Amino acid sequence: MNIRSLTRGDGVVIGAAVLLFVASFLDFLAIECPSGVPSSQCSSWNGWSSDFASNTAGIFILGVVGAALVVLSHLLPQRNLVGLTLEQWGTALAVAAAFTSTWTMLFSHPDGMEKGVGQILGFIALLLLAGAVLAGPRVPALKAPLMGAASPQPAPSPYGGQPGQVGQPAGGYGYPGGQQPGAPSPYGAPAGGQPSYGGQPGGASAAPAAAGAGAGEFAPFWFAVPVARPLYAEDGSATPIAELAPGTWYLAVEQRGQALVAQTQDGRRGVLQDTTGIQRG
């Protein structure tokens, strides 16, 4: 379960679900009090009253369950339930709850009753919830990560060694800022030196040779995706083997044209076909 895979749209969904849950304990319907009679002496019912359970279950319960399924679909690996993903089930339940709430507000109003604050607040929460689950995958502002990406962790060193031990590099293979012994330096700079916009430590005459030595070679690097993207098998099959989540760092081990061969934290390798907007570590 990766909390950093949540988006801003998920934050809106969670907020709407909390508001909906609170509204379920407030007055859903109340008897219209005659003039001069205190409202405290008139009966009222909330969303959990047995007299209206059949009506309110389709509003409060469906809405909260739908929101939970949408959020869980982004926290857990992709899973199907009767042919649909958890996100698809959650979206359907949230939209159904919003439709039921709208119908109740407009057409299902018993005589002698008035709408309570719980019914009105629940209606607003469900409109917000339905809008978030429908627009979340489509609006860039809602697809942005809810939390910033964590710093990438160095990969384990070979032979069981840890980064920083004697004889081991300070950074893991491909870790930002680290350099593997014998691996080409970025932008053609020599190992142990920093590129200097056309020059290099030790003299300008060595720059052309260093640039030519590093040309055409690929150095592994860490990267993060801006939104969830599928990772396909290396054999070219159309079925994703994993989903890369925003807020998590992955290791790029090979480049194939515009695509990258990425390695997940559990060791699986696959092809990331859409590399637009990725963040390099």
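Buried, on this tour, means under 20% relative accessible area, exposed means over 50%, and partly exposed is anything in between. Keep that in mind as you click around, and remember that this is a predicted model.

**Whole chain**

Start with everything shown as a cartoon. The protein chain has six helices and 12 strands. Of its 281 residues, 35% are buried. Switch on a surface and you are looking at about 15,700 Å² of accessible area, 60% of it belonging to carbon and sulfur atoms. Take the contacts with a separation of 6 or more: 59% of them are between residues 24 or more positions apart.

**Stop 1: a nonpolar patch**

Select Ile14, Val18, Val22, Leu26 and Val117. Together they make a nonpolar surface patch of about 380 Å². Which helix gives the most to the patch? That is α1, residues 8-23, with three residues. Now pick out Leu26, which sits in the loop between α1 and β1 (27-31). Leu26 counts as partly exposed because its relative accessibility is 31%.

**Stop 2: Thr85**

Jump to strand β4, residues 84-85, where you will find Thr85. Is Thr85 buried or exposed? At 17% relative accessibility, Thr85 counts as buried. Show what lies around Thr85: leaving aside neighbours within four places in sequence, Thr85 is in contact with Gln78, Arg79 and Asn80. Add Ser73 to the view as well. Ser73 and Thr85 are 12 residues apart along the chain, and their C-alpha atoms are separated by 7.6 Å.

**Stop 3: strand β10 and its partners**

Next, select residues 259-263, which is strand β10. Four of the five residues in β10 are buried, so the rest of the structure largely encloses this strand.

Look to one partner, β9 (residues 250-256). β9 and β10 run antiparallel and are joined by five bridges. For a pair to click on, try Leu251, which stands opposite Gln263 in β10. The two strands form a hairpin with two residues between them, and Gly257 in the turn has a positive phi of about 65°.

Now for the other partner, β11. How many bridges join β10 to β11? There are four, and these strands also run antiparallel. Here Leu260 stands opposite Leu272 in β11. This hairpin has five residues between its strands, with Gly267 in the turn showing a positive phi of about 95°.

**Stop 4: Thr275**

Move on to the loop between β11 (269-272) and β12 (279-280), and select Thr275. The Thr275 side chain reaches the backbone oxygen of Gln258 at 3.1 Å. Not counting residues up to four places away in sequence, Thr275 touches Gln258, Ala259, Leu260 and Arg229. Arg229 is your next click.

**Stop 5: Arg229**

Arg229 lies in strand β7, residues 229-232. With a relative accessible area of 8%, Arg229 is buried. Leaving out residues up to four places away in sequence, Arg229 touches a set of residues that includes Ala242, Glu243, Leu244, Leu272 and Ile278.

Also in that set is Asp274. Side chains of opposite charge can pair when their charged atoms come close. Show the side chains of Arg229 and Asp274, and you will see them meet in a salt bridge, 3.5 Å from N to O. Arg229 is in β7 and Asp274 is in the loop between β11 and β12, so the pair ties together parts that are 45 residues apart in sequence. Unlike the buried Arg229, Asp274 counts as partly exposed, at 37% relative accessibility.

**Stop 6: a salt-bridge network**

The count for this model comes to five salt bridges. For the last stop, select Glu234, Glu254, Arg256 and Arg269, which are linked in a network of salt bridges.

Begin with Arg269 and Glu234, whose side chains meet at 3.4 Å, N to O. This pair links distant parts of the chain: Arg269 is in strand β11 and Glu234 in the loop between β7 and β8 (240-244), 35 residues apart. Arg269 is partly exposed, with a relative accessible area of 35%, and Glu234 is partly exposed at 33%.

Then turn to Arg256, which forms a salt bridge with Glu254, the closest N and O atoms being 3.2 Å apart. Arg256 counts as partly exposed at 35% relative accessibility, and Glu254 is partly exposed with a relative accessible area of 29%.

How values were computed: Residues are numbered from 1 along each chain as its sequence is written. This is a predicted model: local features need pLDDT of at least 70, side-chain atom pairs count only at pLDDT 80 or more; totals for chains, interfaces and linings use all residues. Side-chain values use heavy atoms; hydrogens and water are left out. Buried means under 20% relative accessible area, exposed over 50%, partly exposed in between (1.4 Å probe, protein chains only). Contact means heavy atoms within 4.5 Å. Accessible areas come from the Shrake-Rupley method with a 1.4 Å probe; for residues, only the protein chains shown count as cover. Patches are made of residues with over 30% relative accessible area and no salt bridge: like charges are joined within 9 Å, nonpolar side chains (Val, Leu, Ile, Met, Phe, Trp, Tyr) within 5 Å. A salt bridge is a side-chain nitrogen of Lys or Arg within 4 Å of a carboxyl oxygen of Asp or Glu. A polar contact is a pair of N or O atoms within 3.5 Å; within protein, one must be able to donate a hydrogen and the other to accept it, and residues adjacent in sequence count only if both atoms are side-chain atoms. Two strands pair if DSSP finds at least two bridges between them.
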